[in-house]
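User: Could you walk me through this model with some questions and answers? I would like to see the reasoning behind each one.

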Amino acid sequence: MTDLANSQLEILYHFGMQAMNDFTNQYKSMMPEVNFTNLAFWQLFAALRLSTFPEWGLEKSKENIWRKRHKSFVRQAINRIR
């Protein structure tokens with residue numbers, strides 16, 4: 001699950017929500033034996049690991065976009081846990 005969650009967030013950063021959702025749906029369709037019940041917890045773990053934007057040397061405009069996408073990713077994961 002950690003690989004999927006990390007990939008989701010990286011795809012979200014670079015390509016947006018639709019690309020992340022397309023990737024996730026394709027991944028799930030190819031891995032029917034995998035239990036995705038705890039994915040939201042792994043998404044939060046990935047979000048903690050991949051949130052140190054100032055250290056990455058991004059342009060400020062890109063950093064702002066990625067922060068918004070990160071916040072959305074975290075919010076969605078939390079909502080799935082509730």
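User: Is Lys-60 buried or exposed?

Analyst: Happy to start there, keeping in mind that this is a predicted model. The relative accessibility of Lys-60 is 55%. The cut-off for this class is over 50%, so Lys-60 counts as exposed.

User: Which residue forms a salt bridge with Lys-60?

Analyst: A salt bridge needs a side-chain nitrogen of Lys or Arg within 4 Å of a carboxyl oxygen of Asp or Glu. For Lys-60, the closest N and O atoms of the pair are 3.8 Å apart. The two residues are three apart in helix α4, which means about one helical turn separates them. The partner is Glu-63.

User: Is Glu-63 itself buried or exposed?

Analyst: The relative accessible area of Glu-63 is 5%. Buried means under 20%, so Glu-63 is buried.

User: Which residues are joined with Glu-63 into one salt-bridge network?

Analyst: Besides its bridge to Lys-60, Glu-63 meets the side chain of Arg-67 at 2.8 Å, N to O. Arg-67 sits four residues from Glu-63 in helix α4, again about one helical turn, and is partly exposed at 36% relative accessibility. The salt bridges in the model come to two. Because these bridges share a partner, the network joins Glu-63 with Lys-60 and Arg-67.

User: How far apart are the end C-alpha atoms of helix α4, and what span should its 22 residues have?

Analyst: Helix α4 runs over residues 60–81. At 1.5 Å a residue, its 22 residues should span 32 Å. The end C-alpha atoms agree with that expectation, being 32 Å apart.

User: Which helices do the buried residues of α4 pack against?

Analyst: The buried residues in question are Glu-63, Trp-66, His-70, Ser-72, Phe-73 and Ala-77. Their packing partners are the helices α1 (2–15), α2 (17–30) and α3 (39–49).

User: What about α1: which helices do its buried residues pack against?

Analyst: Helix α1 has 14 residues and reaches 20 Å from its first C-alpha to its last, close to the 20 Å expected. Its buried residues are Leu-4, Ala-5, Asn-6, Gln-8, Leu-9, Ile-11, Leu-12 and Tyr-13. Just after this helix, Gly-16 takes a positive phi of about 100 degrees. As for packing, the buried residues of α1 go against α2, α3 and α4.

User: Which helix gives the most to the largest nonpolar core?

Analyst: In soluble globular proteins, nonpolar side chains tend to be buried together. Here the largest core has 10 residues: Leu-9, Ile-11, Leu-12, Tyr-13, Met-20, Ala-47, Leu-50, Phe-53, Trp-66 and Phe-73. Both α1 and α4 supply at least two of them. With four residues, the helix that gives the most is α1.

User: How many residues are in the second, separate core?

Analyst: Among its members are Leu-4, Phe-36, Leu-39 and Ala-46. The total for this second core is five residues.

User: Which residues does Leu-12 touch, not counting those up to four places away in sequence?

Analyst: Leu-12 belongs to the largest core and is one of the buried residues of α1. With sequence neighbours up to four places away set aside, Leu-12 touches Met-17, Met-20, Arg-69 and Phe-73.

User: What accessible area does the nonpolar surface patch have?

Analyst: The patch is formed by Phe-41, Trp-42, Phe-45 and Ile-81, and α3 gives the most to it, with three residues. Phe-41 lies in that helix and is partly exposed, with a relative accessible area of 48%. Together, the four patch residues have an accessible area of about 380 Å².

How values were computed: Residues are numbered from 1 along each chain as its sequence is written. This is a predicted model: local features need pLDDT of at least 70, side-chain atom pairs count only at pLDDT 80 or more; totals for chains, interfaces and linings use all residues. Side-chain values use heavy atoms; hydrogens and water are left out. The expected span of a helix is 1.5 Å times one less than its number of residues. Buried means under 20% relative accessible area, exposed over 50%, partly exposed in between (1.4 Å probe, protein chains only). Contact means heavy atoms within 4.5 Å. A nonpolar core is a set of buried Ala, Val, Leu, Ile, Met, Phe, Trp, Tyr and Cys residues joined through side-chain atoms within 4.5 Å. Patches are made of residues with over 30% relative accessible area and no salt bridge: like charges are joined within 9 Å, nonpolar side chains (Val, Leu, Ile, Met, Phe, Trp, Tyr) within 5 Å. Accessible areas come from the Shrake-Rupley method with a 1.4 Å probe; for residues, only the protein chains shown count as cover.
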